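User: Please take a close look at one part of this structure and explain it to a reader who is new to it. A connected account would be preferred to a list.

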Amino acid sequence: MKLIFDINGGDNKAEIIKGAIDASNEFNKEIILVGREDFIKENLQGLDYDKDKVEIVDASENIENNEEPVLALRKKKDSSIVKAMTLLKEKKAQALISAGSTGALLGGGIFIVGRIKGIKRGVLPTLIPGLKSNTLVIDSGANMDTNPELLEEFAILGDVFLREYYKIENPKIGLLNVGVEEGKGNALYKEAYQRLKESDLNFVGNVEAREIMDNDVDLLVCDGFDGNVLLKSIEGVVEFATKSLFHGIATSDLDDKAKKAFTEFLMKKFKKLDAKEVGGTILLGIDGNIIKAHGNSDARAIKNAAKYAIDIVESNIVDKIKDKVEK
């Protein structure tokens, strides 16, 4: 197995290189680093790695988050995303990990790698841990503008993904909304509700945002705008709660032994809420293994994204989704 890393994308390019090398060393995989060759070579200095397992592909350009994705993909042929996507399309590697522009990844996935037959859009599923069970949020940021038909398609993709990857036999599907009653929400969500209600999916109704981490819904459907706002809100609250608790312990009258015990307990509990522990998520609906990492990913997050990518490849999830959806 060989993995591609988009080096030009993301906020911490040196960390992406380090994370890629850590993944190559720990998981014994060949890797391709796509980015500015001089920058890559400079940051490889001092790192311990097997040079036979590391290939560098020079790419002088990067597609920024503020650029119009499709136009940028056409104009910037020497961008790391275009070159990395082309390598994936040509089967030079089995998966691509990128912390770059979500829009460019979605556009490149559709126009370079290609969609699964019968699927109109690619979507990002993100798993949210809960008190009763985990909930997969889909879409979590790939599609800002959607319609009821697309939300139903997202639900179908999520349903197949949960069945094939997480081995959940009959996933419970909810629709993110401002109230649980039928008829709540805007025109988009009202019509999506009716489509899901009339489908063969195990649709259980609307779910409010405050119930996300305390319900037994397996899949939460929404457009990419609402999903991304939801996830970043959760991340912000978790970060605030974590810092507040650690600060409270550090400034308390507890003795050092008690402070250490409480700190270790909280670190263990909050670890499952740390996005860097997962590292990334697959871009579902694309005929290839594209893993989107957080824009501010550090080396640990990139290494964990690579671990996730390896698991995705080994599970053969894309082909399984193709078989299910195409039928």
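Analyst: What follows begins with some conventions, then turns to one sheet and its helices, and ends with the surroundings.

The model is predicted: local features need pLDDT of at least 70 and side-chain atom pairs count only at pLDDT 80 or more, while totals for chains, interfaces and linings use all residues. Residues are numbered from 1 along each chain as its sequence is written, and side-chain values use heavy atoms, with hydrogens and water left out.

The protein contains twelve helices and eleven strands, these being DSSP runs numbered from the N terminus (helices: H or I, at least four residues; strands: E, at least two). Its radius of gyration is 21 Å, close to the 20 Å that the globule rule gives for 327 residues, so the protein is as compact as a globular protein of that length. This radius is taken over C-alpha atoms, and the rule is 2.2 Å times the number of residues to the power 0.38. Along the principal axes, the C-alpha atoms fill a box of roughly 60 × 60 × 35 Å.

The part examined here is an open sheet of six strands, ordered β3-β2-β1-β4-β11-β10, with mixed pairing. Its edges are β3 (54-58) and β10 (280-282); each has a single partner strand, so one side of each is left without a neighbour in the sheet. On average, neighbouring strands of this sheet are turned by 25 degrees against each other, direction ignored. Two strands count as paired if DSSP finds at least two bridges between them. Strands of a sheet pair through backbone hydrogen bonds, either parallel or antiparallel. Within the sheet, β4 (residues 95-98) and β11 (residues 290-293) run parallel and are joined by three bridges. Here L96 stands opposite I290 in β11.

Helix α11 (residues 299-315) packs on this sheet, where it touches β1, β4, β10 and β11, and its direction makes about 155 degrees with that of β11. Helix α1 (residues 13-27) lies across β1 (2-6), β2 (30-35) and β3, running at about 170 degrees to β2. Contact means heavy atoms within 4.5 Å. Axes are lines fitted to C-alpha atoms, for helices over the stretch in contact, and angles run from 0 to 180 degrees between N-to-C directions.

These two helices also meet each other. The axes of α1 and α11 come within 7 Å and cross at roughly 45 degrees. They are therefore oblique to each other, a label for what remains once angles under 35 degrees are called roughly parallel, over 145 roughly antiparallel and 65 to 115 roughly perpendicular. The crossing of α1 and α11 is right-handed: the near helix is turned clockwise from the far one by less than a right angle, whereas an anticlockwise turn would be left-handed. Among the residues of this contact are I16, A20 and F27 of α1 and I302, A306 and I310 of α11. By class, the contact of α1 with α11 has eight nonpolar, one polar and six charged residues. Ala, Val, Leu, Ile, Met, Phe, Trp, Tyr, Cys and Pro count as nonpolar, Asp, Glu, Lys and Arg as charged, and the others, Gly among them, as polar.

Helix α1 has a further partner in helix α2 (residues 37-44): their axes come within 10 Å and cross at roughly 60 degrees. The crossing of α1 and α2 is right-handed. In this contact K13, A14, I17 and I21 of α1 meet F39, I40, N43 and L44 of α2. Its residues divide into six nonpolar, one polar and one charged.

The loop between α1 and β2 holds N28. Although not a glycine, N28 has a positive phi of about 55 degrees. Most residues other than glycine have a negative phi, and most peptide bonds are trans. A cis peptide bond leads from I138 to D139, with omega near 15 degrees. D139 lies in the loop between β6 (135-138) and α6.

Strand β6 belongs to another open sheet, in which five strands follow the order β5-β6-β9-β7-β8 with mixed pairing. Its edge strands are β5 (125-128) and β8 (203-208), each of which pairs on one side only. Four bridges join β5 to β6, and these strands run antiparallel. The bridge partner of L127 in β6 is L136. Helix α7 packs on this sheet, touching β7 (173-177), β8 and β9 (219-221).
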